[in-house]
Amino acid sequence: MLPTDKLRMTDKDGNTVLGCCALVGNTEMAKCIVEKCPMLLSIANGNKFDKLIPVVMALTCNSNSIATARYLYSVTPPGSLSPGKGSINGATFVTRCIYS
């Protein structure tokens with residue numbers, strides 16, 4: 001497993017490794033990553049428009065990621081989905097849950 005500082009790195013689209021797991025629905029890898037670096041649960045992707053955290057990305061980007069979204073929701077700090085600071089994560093999460 002990579003060191004914690006390497007796990008926080010982002011790809012060209014601004015996604016952390018946990019964000020990439022959310023996008024593809026890789027629950028087992030997400031569990032390993034969260035165990036090593038739980039702070040990634042609250043780091044939004046680098047998209048300048050949405051800034052979605054991994055649990056919201058799992059519901060927004062891949063309809064086959066329901067199991068991953070359930071896991072990420074169970075470990076995501078509640079404050080990460082609270083409104084404030086211009087964040088759309090809470091509202092987007094609720095909306096995506098309804099559509100899923």
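1. A word on helix axes to begin: they are lines fitted to C-alpha atoms, for helices over the stretch in contact, and angles run from 0 to 180 degrees between N-to-C directions. Helices and strands here are DSSP runs numbered from the N terminus, with H or I of at least four residues for helices and E of at least two for strands. Please keep in mind that this is a predicted model, where local features need pLDDT of at least 70, side-chain atom pairs count only at pLDDT 80 or more, and totals for chains, interfaces and linings use all residues. Residues are numbered from 1 along each chain as its sequence is written, and side-chain values use heavy atoms, with hydrogens and water left out.

2. Let us start with α4 and α6. Their axes come within 9 Å and cross at roughly 35°. The crossing is left-handed (the near helix is turned anticlockwise from the far one by less than a right angle; clockwise would make a crossing right-handed). On the α4 side, V55, V56, L59 and T60 take part, and they meet N89, T92, F93, R96 and C97 of α6. Contact here means heavy atoms within 4.5 Å.

3. F93 turns up again in the aromatic search, which finds 1 aromatic pair in the whole structure. Ring centres of Y73 and F93 are 5.1 Å apart and the planes are at 10°, so this pair is stacked. For reference, rings of Phe, Tyr and Trp (its six-membered ring) pair if their centres lie within 6.5 Å; planes under 30 degrees apart count as stacked, over 60 as edge-to-face and the rest as tilted. The pair links distant parts of the chain, 20 residues apart, with Y73 in helix α5 (residues 66-75) and F93 in helix α6 (residues 89-99).

4. Are the two partners buried or exposed? F93 counts as buried, at 11% relative accessibility, whereas Y73 is partly exposed at 47%. The cut-offs are under 20% relative accessible area for buried and over 50% for exposed, with partly exposed in between (1.4 Å probe, protein chains only).

5. Next, α2 and α4. The axes of α2 and helix α4 (residues 54-61) come within 7 Å and cross at roughly 30°. The two helices are therefore roughly parallel to each other (angles under 35 degrees count as roughly parallel, over 145 as roughly antiparallel, 65 to 115 as roughly perpendicular and the rest as oblique). This crossing is right-handed. The contact is made by L18, G19, A22 and L23 of α2 together with P54, M57, A58 and C61 of α4.

6. L23 of helix α2 deserves a closer look. Its relative accessible area is 26%, which makes L23 partly exposed. L23 and C61 are 38 residues apart in sequence, yet their C-alpha atoms are 5.9 Å apart in space. Beyond its neighbours within four places in sequence, L23 is in contact with N15, M57, C61, N62 and S65.

7. S65 sits in the loop between α4 and α5. At 0% relative accessibility, S65 counts as buried. Not counting residues up to four places away in sequence, S65 touches A22, L23, V24, G25 and A58.

8. Which residues does C21 touch, leaving out those up to four places away in sequence? They are N26, M29, A30, I33 and T68. C21 is in helix α2 (residues 17-24) and is buried at 6% relative accessibility. From C21 to K31 the C-alpha to C-alpha distance is 9.7 Å, with their positions 10 residues apart in sequence. K31 in turn lies over the face of Y71, 5.7 Å from the ring centre (the rule asks for NZ of Lys or CZ of Arg within 6 Å of the ring centre and within 35 degrees of the ring normal).

9. Y71 also meets T27: leaving aside neighbours within four places in sequence, T27 is in contact with A67, T68 and Y71. T27 is found in helix α3 (residues 27-36) and is buried, with a relative accessible area of 16%.

10. Two loop residues round off the note. N45, in the loop between α3 and α4, is buried at 10% relative accessibility. Not counting residues up to four places away, N45 touches G14, N15, K51, L52 and M57. P78, in the loop between α5 and α6, is exposed, with a relative accessible area of 68%.
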